[in-house]
Amino acid sequence: MTDAFVENFDQSLAAAFGALVRATKAAGRLPADVAFHRTLDETVDRRLARTGERVLHAANALWMQGRGDPAARAIAGVDDVAVTHDGAWQTAPGFRAVVDAVDTLLERIDVGLDAVLKTDAHRHRTSAAAKRVGAQSAPLVTTVPGARGDFRLVHAQNMPRPQLAFADAVDNSPSTPFVWKLRSKPHARVPLDHGLPSAAVAATPLGRHLHALGIARPDGVTPPGSGAATPVSGDAGLAALPHPYEFEIRNHEPPAWLLDSVVPQEPRAWDATPFAFVDTRAQLDAMLAHLDTAREVAIDLEHHDYRSFQGFTCLVQLSTRTHDFVVDALALRADLHELNAITADPARLKVFHGAESDIVWLQRDFGVYVVGMFDTYHASHVLNMPHHSLAHLLAEYCGVRADKRLQLADWRIRPLPAEMLAYARSDTHYLLYVCDRMRAELLERGARLVGTSLADPDAAHFGELAGIDHVTSALQPLELVLARSQATALKTHVKEGYDAEHGLGAGGWARLLRKWRHALAPAQLAVFRALHQWRDCVARDEDESVRYVLPNHMLFTLASKMPAEPAPLLAACQPTPPLLRLHAADVARLIARARARADARQAEFRDLAQAAHDEAMPPPVHTRFTDQDEPPAQLSAEPAADVLTDELLRAAQSLAKPHATLFGSAPHPAPVPAASPAAERARQIRAGLVLTVAAPIRVISGAAEPEFTLVTAKRAKPAPAAAAVAPKPAVILSESFQSPPTRAAPPAAAKRKSTTEALDLSAIDLSDHESRKSPEARKPPKPRKRTRTQSSKEPAPSAADVEAYDYRHDAVDDAIGETRAPQPSKKSKKKKANFDPYAAKDTFDKRPNRSRVNNKSGNRSLSYKKA
């Protein structure tokens, strides 16, 4: 929105709606057959064309604004976003993207209207629309069950954001340090610029801020003995400021009355104690005047951090012995630095309970620092109490049961309900009396246990005091509480940074990831880190908490599912957070880019790992014996002419397979005399190998049969005596192997002569072949299992009675079928009847066929075979 639109909001809004209504009416008056009318009048056609181009240009401008992606494809026409009905409803490819863009634009308009109508300039509106958008609803109470009881969540709708009206702008940037908010230093023992290294920060935003406040040290010299913390320079050349009251706190001496014996002073009755809600400057001045007369002040704060990145203080509760005050810290934020006149006074005792966070919030929001503090939380630890909460202390010392069900209340609500005011007031109303009781108990135990050792678990007084091994004085327990309270008062506010690389810090992604119990894939981890960083950036820019931008469980859901489109992204997060809906398209593109980068990185890692593996373990390479010494030609140093003929080699080469591994697939070159030991050893090994090839029988014996048989060539050895045995079936090669090419057949005698002379049959070992022909060498057949039709007294057949079987017989199945005993069919088999040996008396004189013993009972049972 422009400044003119905001200043003249009513007129600008009326003009915008008027233009929209006129355009809608003009579009409605167009006839249905506008295309026909465009053909009749050229002027109408040109004007409609120009108007359509302007509307399309405006639609694309809004489309790009809603998508937030300059590289997005523009709308070419109505067909890209149209919804048609041709038997069934169908949407164009760009329809869903346009819907998402329109939703994003409407969300941004809603946010813009809230920002305008909730400012002071527009709070006076009385129209219904303004009240609906800008006014806060009545407080709502929701009961939330918990493990320790129910909590009452008090909240409201349409609540304005108080930080929009703060005089000091909220700075959530991680690159700029926190700067002081005080311009003066009440009750100072050293100047405000004590310990400031201005020379180191002169050219930084911190130095310029200090110079504007008039507290910079031009000489840049730190006074000796200041005890101030040394500023730490960051990566951006910035320095963190020291504690402005560090010297006063470290050198503080408690007043004498604080160390004397105390008589606890009962608190005034609740209804009898004056109470004031301070939200104006006049009321603040009156409160400060009353506090100036008090010696002890109880202080507590109420904080809100759900709709703010760093959070802010909403209430400050203060109580004296006679009065209770609740200060509206939202309305008086710019004036509360004047509380330093009370809190920095070393003569007054400031009582807190659990001030770890309160001290930091006072510094960050108001520039308030505390000197001389007593923290009842530390006192409860030194007294070794079983519980350390304020509710336990109120019940222990005051007999009051504190209502802590409003701990989840939204303290931004204005006006505050009565029960919330009572809850805030009760935190400090009884705190001074609790402090008296604990001081008295610390002094009493210290005086009683002087000179006592408390470190021994068997000691009589073990456990009465914590943090003290040996009591040396009566004031030692009280001094220990004051020392711990002093360390708490020295805490300083440090802005939270963001470590995108390692995820360190309280709000880093590494800490959150350790709490997740499920493993994430590399791509999911990359998406998780990208979404976590986006959430942090948006929370800082919008001054919202990261829980409001994107809750943790939704963050892990998106990291697990990795949706790359706005529709599934919004469906995965229900109810959808407003800022996630507003930036849905941006988040979807962020997820897609993070996933693509992770996948590319994984592919790069795999390539690097594969390259390293290939470099460390090269692929295996087949190496022959002579590849490293001599060329492969030396493998055949001496031809085996005494075993193989040229014709047999040609037959073997024609039958060899391309992937043969014995001699390789390449033909051997001409033999070359061997010249190396490796080649000689290879020749010897080669001579002892066995070559099995398929060759025609006529090559071996000169027979005219076309069958092929297996011939084994070995070194010559004496042939055993031949014996007539039944030959085993010859191995018939496949018909796909054709007979090797041969020359013209010479005469039979010459053929046999040349064959025998070249082959030297005496060198071929045929002992195995001849031995298989001997019937004696054949193992006698195993006797067939005795059947019922064969008598057990019939003698077994001898080997001489068995006729030698010719395995080359064509009718193998018929020959086997003639010798097979007939088997009865399944239907013809009779079922054996159950046989009772004791039922047949004539079988008792026979010898039992089987005897069995029952292992459990020891009884023996006999069974007889039926005759």
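Two rings of Phe, Tyr or Trp count as an aromatic pair if their centres lie within 6.5 Å. With that in mind, a search of the whole structure, which is a predicted model, turns up six aromatic pairs. One of them brings together Tyr-245 and Tyr-369, whose ring centres are 5.8 Å apart and whose planes are 35° apart, a tilted arrangement. This pair links distant parts of the chain, with the two positions 124 residues apart in sequence. Tyr-245 belongs to the loop between α8 (205-213) and α9 (246-250), whereas Tyr-369 belongs to the loop between α13 (356-366) and β10 (373-375). Tyr-245 is buried because its relative accessible area is 0%, and Tyr-369 is buried because its value is 2%.

Trp-411 and Tyr-423 make another aromatic pair, with 5.8 Å from centre to centre and 25° between the planes. This pair counts as stacked because planes under 30 degrees apart are given that name. Here the partners are 12 residues apart: Trp-411 lies in the loop between α15 (390-398) and α16 (418-429), and Tyr-423 lies in helix α16. Both rings are tucked away from the surface, with Trp-411 buried at 2% relative accessibility and Tyr-423 buried at 9%. Elsewhere, ring pairs join Trp-516, Phe-528 and Phe-556 into a cluster.

Aromatic rings also meet charged side chains. The charged end of Arg-295 is placed over the ring of Trp-257, at 3.8 Å from the ring centre. In a similar way, Arg-333 lies over the face of Phe-166, 4.1 Å from the centre of that ring.

Turning to helix α11 (residues 281-291), the buried residues include Leu-284, Met-287, Leu-288, His-290 and Leu-291. Why do the buried residues of α11 line one face of the helix? Seen down the axis, they fall within an arc of 160°, so they share a face. A general rule helps here: an α-helix has 3.6 residues a turn, so residues three or four places apart point the same way. The cover over the buried residues of α11 includes β5 (275-278), β6 (296-304), β7 (312-319), β8 (324-328) and α12 (340-343).

Helix α11 also takes part in the largest nonpolar core, as one of the elements that give two or more residues to it, together with β6, β7, β8 and α13. This core has 38 residues, and those with the most contacts inside it are Met-287, Val-316, Leu-318, Val-327 and Leu-336. Leaving out residues up to four places away in sequence, Leu-336 touches Leu-284, Val-316, Val-327, Ala-329, Phe-366 and Val-368. A second, separate core has 36 residues, among them Phe-309, Leu-512, Ala-530 and Leu-569.

Helix α20 (residues 522-542) holds His-532. Is His-532 buried or exposed? With a relative accessible area of 3%, His-532 is buried. Its side chain makes a polar contact of 2.8 Å with the side chain of Tyr-498. Beyond its neighbours within four places in sequence, His-532 is in contact with Tyr-498, Gly-507, Gly-508, Trp-509, Leu-512 and Leu-555.

Pro-522 is also found in helix α20, but this residue is partly exposed, with a relative accessible area of 43%. Not counting residues up to four places away in sequence, Pro-522 touches Ala-598 and Gln-602. Pro-522 and Arg-595 are 73 residues apart in sequence, and their C-alpha atoms are 8.9 Å apart in space.

How values were computed
Residues numbered from 1 in each chain as written. Predicted model: local features only at pLDDT ≥ 70, side-chain atom pairs only at ≥ 80, totals over all residues. Heavy atoms only, no water. Phe/Tyr/Trp six-rings, centres within 6.5 Å; stacked < 30°, edge-to-face > 60°. Helix = DSSP H or I, 4+ residues; strand = E, 2+ residues; numbered from the N terminus. Buried < 20%, exposed > 50% of the residue type's maximum accessible area, 1.4 Å probe, protein only. Lys NZ or Arg CZ within 6 Å of the ring centre and 35° of its normal. Polar contact = N/O pair within 3.5 Å; in protein donor to acceptor, adjacent residues only side chain to side chain. Contact = heavy atoms within 4.5 Å. Arc of directions from axis to C-beta. Core = buried A, V, L, I, M, F, W, Y, C linked by side-chain atoms within 4.5 Å.
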